[in-house]
Amino acid sequence: MQVHPNTVDPAEIAKFEVMAAEWWDPHGKFKPLHMLNPCRLDYITRQIAGEFDRDLTGDKPFAGLRLLDIGCGGGLLSEPMARLGAEVVGADAAERNLPVARIHAEQSGLQIDYRHSTAEALAAEGEQFDVVLNMEVVEHVSDPLSYLTATQQLLKPGGLQICSTINRNPKSYAMAIFGAEVVMRWLPRGTHEWSKFITPDELFDLLRQAGLEPVDRKGFVFNPISWKWSISDRDLSVNYVTASVKR
């Protein structure tokens, strides 16, 4: 399958470049990601450990694994992966995110290879990874299938991709757009477009078309009483995450 030369949507990139300086402010525009991050990391680390037979109680359990965090933003996932021992490349099409990510990694004493690049460009360069983290990106690209084909090409045989996004239904509109952008004002209005959201079945189909084998999917569920996120086996109605492998 031919990879689309570029699935970057300039309008989507512009949205995130405006917010770049706030990546590490837990009370700023990326507050929702800071709140969600422990839940995301729990799922990611368990999937990687299971796929590559790693002991999470050991020192640097991901040592020897090369990992790509595509759409890395300010490095909220890249840094924990580096601390766990992975060799991390963080790539983002929004150039203004990278200086923020580099400075924070340096201050944290971490070596992370941050690049202003896209999945398609990295695939064209022949880059290969054991793990690709593809978190909250697919709903922002212009051509999801071409984009996922590129991320599949970036995986070594036997590699693992973790891909999260937002479901498309009335509840996701109420919570992810009206609730998060209008009521809570966690995100600027227009951050998400409901029409670009992807259902779990649609994403599984896209992953298969791209040459990956889906092996798991879970929901990320926000509890407004405890004000915390949790992982659900059944509730994929708004935020959800998938794992797929390249056999």
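Trainee: Does E136 count as buried or exposed in this predicted model?
Mentor: E136 sits in the loop between β4 and α6. Buried means under 20% relative accessible area. The relative accessibility of E136 is 17%, so E136 counts as buried.

Trainee: What is the phi of E136?
Mentor: E136 is not a glycine. Even so, its phi is positive. The value is about 55°.

Trainee: Which other loop residue, in the loop between β6 and β7, should I look at?
Mentor: The hairpin of β6 and β7 has four residues between the strands. One residue in that turn has a positive phi of about 60°. It is not a glycine. The residue is W227.

Trainee: How does W227 count in terms of accessibility?
Mentor: Buried ends at 20% relative accessible area, and exposed starts over 50%. W227 has 37% relative accessibility, so W227 counts as partly exposed.

Trainee: Which strands does β6 join by bridges, and how many bridges are there to each?
Mentor: β6 covers residues 213-223. It runs antiparallel to β7, residues 228-232, with five bridges. It also runs antiparallel to β8, residues 239-245. The bridges to β8 number seven.

Trainee: What are the bridge partners of F220 and G219?
Mentor: Take F220 and β7 first. The partner of F220 there is I231. For G219, look in β8. The partner there is Y240.

Trainee: How are β1 and β2 paired, parallel or antiparallel?
Mentor: Five bridges join β1 and β2. L68 stands opposite V89 in β2. The sense of the pairing is parallel.

Trainee: How many residues of β2 are buried?
Mentor: β2 spans residues 87-92. The strand is mostly covered. Of its six residues, the buried ones number five.

Trainee: How far apart in space are Q111 and V89?
Mentor: Q111 is in the loop between α4 and β3. In sequence, Q111 and V89 are 22 residues apart. From C-alpha to C-alpha, the distance is 9.6 Å.

Trainee: Is Q111 buried or exposed?
Mentor: Exposed requires a relative accessible area over 50%. Q111 has 79%, so Q111 is exposed.

Trainee: Why is α6 called largely enclosed by the rest of the structure?
Mentor: α6 runs over residues 144-153. Its buried residues include S146, Y147 and L148. α6 is largely enclosed because the number of its 10 residues that are buried is seven.

Trainee: Which elements do the buried residues of α6 pack against?
Mentor: Both strands and helices take part. The strands are β1, β4 and β5. The helices are α5 and α8.

Trainee: Now the whole protein. Why is it described as compact as a globular protein of its length?
Mentor: The protein has eight helices and eight strands. For 247 residues the globule rule gives 18 Å. The protein is as compact as a globular protein of that length because its radius of gyration is close to that, at 17 Å.

Trainee: What share of the residues counts as buried?
Mentor: The C-alpha trace spans about 45 × 40 × 35 Å along its principal axes. The protein exposes about 11100 Å², with 52% of it from carbon and sulfur atoms. Of the 247 residues, the buried share is 57%.

Trainee: How far apart are the centres of the positive and negative side chains?
Mentor: There are 25 positive and 33 negative side chains. Each set has a centre. The two centres lie apart by 4 Å.

Key. Residues numbered from 1 in each chain as written. Predicted model: local features only at pLDDT ≥ 70, side-chain atom pairs only at ≥ 80, totals over all residues. Heavy atoms only, no water. Pairing = 2+ DSSP bridges. Helix = DSSP H or I, 4+ residues; strand = E, 2+ residues; numbered from the N terminus. Rg over C-alpha atoms; globule rule 2.2 N^0.38 Å. Buried < 20%, exposed > 50% of the residue type's maximum accessible area, 1.4 Å probe, protein only. Areas by Shrake-Rupley, 256 points an atom, 1.4 Å probe, with all protein chains shown as cover. Lys, Arg positive; Asp, Glu negative; His and termini not counted. Charge placed at Lys NZ, Arg CZ, Asp CG, Glu CD. Contact = heavy atoms within 4.5 Å.
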